[in-house]
Amino acid sequence: MKGGLRWCVIGLIGLATVINYIDRNALAVMWPEVSKDIGATKEDYALLVTIFMIAYAFGQSLFGRVFDAIGTRMGFTISILFWSLSIAAHALVRSMPLLGVLRATLGLSEAGNWPGAAKANALWFPSRERALAQGIFNAGASLGGIVSAPLVALLFVQFGWHGTFLIVGILGFVWLIPWLWFYKGDPENHPWLSEAERQHILTGRAEAGPGDDRRVPLGELLRHRQSWGVILSRFFLDPVWWLFVSWLPIYLAETFGFDVKQIGLFAWVPFVGAMLGSLFGGWLAGRIIASGGSVHKARTLTIGIGCAIMLPTLLATIGADDPLSAVLLIAGILFGFQMAIGNIQTLPSDYFGGGAVGSLAGISGTAAVAGTLITTWLVPVLTKNGYAPIFALSAAIVPLSFLAFRLIGGRVEPVATAPRNTQE
């Protein structure tokens with residue numbers, strides 16, 4: 001439809017997300033061996049996750065403002081350069097203190113990927129295509145989860161964990177080559193963009209929202225209930241995703257006695273469900289809009305269906321007594337999660353103009369991490385006799401996310417922000 005450059009942009013960002021998840025998951029996959037070598041415990045792992053997530057929370061808000069200030073091209077370049085250096089430096093680890101520092105720098109720099117993607121989505125896609133574009137981007141996270149476990153396990157067998165960290169660190173540097181060559185500007189001035197596709201994008205953007213590209217002050221942004229609907233919906237929902245991203249290999253090791261090789265054979269399966277959920281949720285929302293439904297209807301139905309899938313499958317996972325059943329149920333959970341989150345992540349661009357999207361995406365990402373930190377420290381406490389309590393808690397917070405979106409966020413439509421002060 002009217003050229004395909006915009007799909008190449010989101011595809012390249014999706015590939016960066018694959019690398020992002022390979023890098024962050026490498027420690028979890030190799031933890032049984034890493035912990036033996038450096039003398040670390042399960043509580044130490046929870047501390048490392050916390051360090052990563054605190055830095056990630058700060059990085060979400062920081063990079064949200066950075067992307068709004070310096071643009072998509074350089075924002076991604078800075079983020080990926082520093083996270084690749086951070087994961088490669090894991091090869092130098094011999095003790096917990098250095099590992100803690102490197103998890104902090106990794107979390108801070110990896111955080112830029114999400115507000116950057118939200119901003120690119122707002123710049124390059126009309127509203128009817130944004131959920132699918134976000135789904136493609138989120139599928140990168142799922143694909144990273146799919147390939148990371150077997151890839152890291154394979155590299156570990158060949159090179160050990162120090163060598164594996166170094167090798168996966170190289171991937172980000174390789175990605176920067178096509179990014180800097182390909183992304184020559186935003187749709188308004190990209191030299192390779194056809195005029196037909198440019199008008200398709202710009203006209204769709206004008207129809208979708210207020211078209212205000214100014215940088216909205218943080219205080220003004222937080223005065224709108226719609227901002228708090230996005231922030232709170234992510235606060236409640238994201239911990240479900242991070243429960244499995246951070247703890248799935250540990251869950252398999254503790255519940256079924258898996259070693260690194262067995263984790264590599266099973267831990268990728270749930271992320272297939274996540275990838276399919278990303279794409280289906282994006283397709284469904286786009287289909288509803290294309291059939292004459294409003295953006296509000298598309299977001300509400302898709303987020304609602306995703307949450308409705310998550311709730312019973314989380315409860316069913318409590319009774320899973322073999323690894324295949326467990327990973328298949330978790331695949332169902334992550335399918336529903338990605339259906340919902342892909343549409344929640346489009347809400348900043350549905351509500352506000354381009355100058356505020358990165359900021360709101362970053363703030364809501366920080367809120368997501370805040371919720372995740374709570375569950376991270378509850379995992380060691382609640383899982384002393386099995387994982388049933390943490391699965392039940394996760395099921396309980398899913399409806400709260402949907403209620404925050406509907407009752408606080410209200411109708412999904414453009415928000416009128418305060419006009420620019422011409423005396424400034």
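How many salt bridges does the structure hold? The structure holds nine, a salt bridge being a side-chain nitrogen of Lys or Arg within 4 Å of a carboxyl oxygen of Asp or Glu. Keep in mind that this is a predicted model, where local features need pLDDT of at least 70 and side-chain atom pairs count only at pLDDT 80 or more, while totals for chains, interfaces and linings use all residues. Side-chain values use heavy atoms, with hydrogens and water left out, and residues are numbered from 1 along each chain as its sequence is written.

**View 1. Glu197 and Arg6 meet in a salt bridge.** The closest N and O atoms of this pair are 3.0 Å apart. It links distant parts of the chain, with Glu197 in helix 7 (residues 195-208) and Arg6 in helix 1 (residues 5-38), 191 residues apart. Helices here are DSSP runs of H or I with at least four residues, numbered from the N terminus. Glu197 is buried at 2% relative accessible area, and Arg6 is buried too, at 0%; buried means under 20%, exposed over 50% and partly exposed in between, with a 1.4 Å probe and protein chains only. Add Glu129 and you have a network of salt bridges linking Arg6, Glu129 and Glu197.

**View 2. Glu195 pairs with Arg198 inside helix 7.** This salt bridge has its closest N and O atoms 3.4 Å apart. The two residues sit three apart, about one turn of the helix. Glu195 is partly exposed at 48% relative accessibility, whereas Arg198 is buried at 13%.

**View 3. Asp350 and Arg299 form a salt bridge.** Their N to O distance is 2.7 Å. Asp350 belongs to helix 14 (residues 347-351) and Arg299 to helix 12 (residues 295-317), so the pair ties together parts 51 residues apart in sequence. Both Asp350 and Arg299 are buried.

**View 4. Trp114 and Phe137 make an aromatic pair.** The model has 33 aromatic pairs, counted when rings of Phe, Tyr and Trp (its six-membered ring) have centres within 6.5 Å; planes under 30 degrees apart are stacked, over 60 edge-to-face and the rest tilted. For Trp114 and Phe137 the centres are 5.5 Å apart and the planes at 65°, so this one is edge-to-face. Trp114 lies in helix 5 (residues 113-124) and Phe137 in helix 6 (residues 127-182), so the contact ties together parts 23 residues apart in sequence. Trp114 is buried at 9% relative accessibility, and Phe137 is buried at 0%.

**View 5. Ring pairs build a cluster around the same two residues, Trp114 and Phe137.** The other members are Tyr21, Phe52, Tyr56, Trp241, Trp242, Phe271 and Phe337. Arg24 lies over the face of Tyr21, at 4.3 Å from the ring centre; a charge sits over a ring if NZ of Lys or CZ of Arg is within 6 Å of the centre and within 35 degrees of the ring normal.

**View 6. A nonpolar patch lies on the surface.** Ile70, Met74, Ile78, Leu81, Phe82, Leu85 and Phe173 together offer about 570 Å² of accessible area, from the Shrake-Rupley method with a 1.4 Å probe and only the protein chains shown as cover. Patch residues have over 30% relative accessible area and no salt bridge, with nonpolar side chains (Val, Leu, Ile, Met, Phe, Trp, Tyr) joined within 5 Å and like charges within 9 Å. Helix 3 (residues 72-88) gives the largest share, five residues. Phe82 is found in helix 3 and is partly exposed, at 48%.
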